[in-house]
Amino acid sequence: VPYAPAADYWGGRSHVGPMTRTVRDAAMMLGVMAGPDDRDPLSIDGPVPDFLGACEGDLKGLRVVWSPDLGYAPVDPDVRKVAEAAAKRFEELGCVVEERNPVWDDPYSFHHILYHVGIGARVGERADEHPEWIEPTLRVMVEDAKRYTAIEFQQANLARTRFYEQARAWFEDVDLLLTPQMPVGAWSHRPGLDEGPTTIGGVKPRSMYDRLHFTYPFNLTNQPAATVPCGFTDDGLPVGLQIVGKWHADTTVLRAAACFEAAQPWAHLRPPLD
């Protein structure tokens, strides 16, 4: 199935996963989920924007950067080709598009510490009580979390702050960043520690996070990002284009996704059921 539009809204909004087939459906869902709630101290205490209305309008004059690999992320050539062709369509939509890489550090070294410690804190006790409930890759995360000291965890948090500032400064003269959403097409389901693709762009992945190196940076910075279907690999596997906006520029991201959807619709495409 083509990637449904997904918006990664963290740190006060919400995370809308691949649950809708059109941008406007995703906008309506986000409008229902967003808003302040005193049970969540991270929620934004302010009116909810008109996400559905944001899907109207054009993109004329927006400053857009296409980056095929963020300067450090391996990506399969066929995915790059499809996503790059999609990025170039933003010129047809009135944007000023250039290709260059962000000038921020690869967050891999500290991201996995934050993620693994979070997993270990949430499920570690249950994993010890019921190891049969835990699949191998999750077990690795839980065990890895136990290796880190409180100092190392806080150092990872400080690295996240530095990374956020790098991204914030880079986006000062950029309205939208376009990247592939995944660096590969779908891979065969093979459970266990060796699950996932054996290579990405000819490079052996360091861990599962090398499948996700286009998406998790913006979970770290709390920037809005939407994924829109943009084509297929030579093997017929779906490719997604990620659209990233400035901090809290959710409406701009949704408008960009809606304009791309109008130029290159996907909702009519459905896989055979046999």
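**Exercise 1.** Determine how the residues of the lining of the second largest pocket divide into nonpolar, polar and charged.

*Solution.* Start with the classes: Ala, Val, Leu, Ile, Met, Phe, Trp, Tyr, Cys and Pro count as nonpolar, Asp, Glu, Lys and Arg as charged, and the others, Gly among them, as polar. Applied to the lining of the second largest pocket, this gives 8 nonpolar, 6 polar and 6 charged residues. The model is a predicted one, in which local features need pLDDT of at least 70 and side-chain atom pairs count only at pLDDT 80 or more, whereas totals for chains, interfaces and linings use all residues. Residues are numbered from 1 along each chain as its sequence is written, and side-chain values use heavy atoms, with hydrogens and water left out.

**Exercise 2.** Locate Asp 144 and state whether Asp 144 is buried or exposed.

*Solution.* First, place Asp 144 in helix α5, helices being DSSP runs of H or I with at least four residues, strands runs of E with at least two, both numbered from the N terminus. Next, take the relative accessibility, which is 12%, so Asp 144 counts as buried (under 20% relative accessible area; exposed is over 50%, partly exposed in between, with a 1.4 Å probe and protein chains only). Finally, leaving aside neighbours within four places in sequence, list its contacts (heavy atoms within 4.5 Å), which are His 112 and His 116.

**Exercise 3.** Compare the settings of Leu 70 and Asn 222.

*Solution.* Leu 70 sits in the loop between β3 (63–66) and α3 (77–92), and its phi is near 60°, a positive value in a residue other than glycine. Asn 222 occupies the loop between α7 (216–221) and β6 (225–232), with a positive phi near 65°. At 1% relative accessibility Leu 70 counts as buried, while Asn 222, at 24%, counts as partly exposed.
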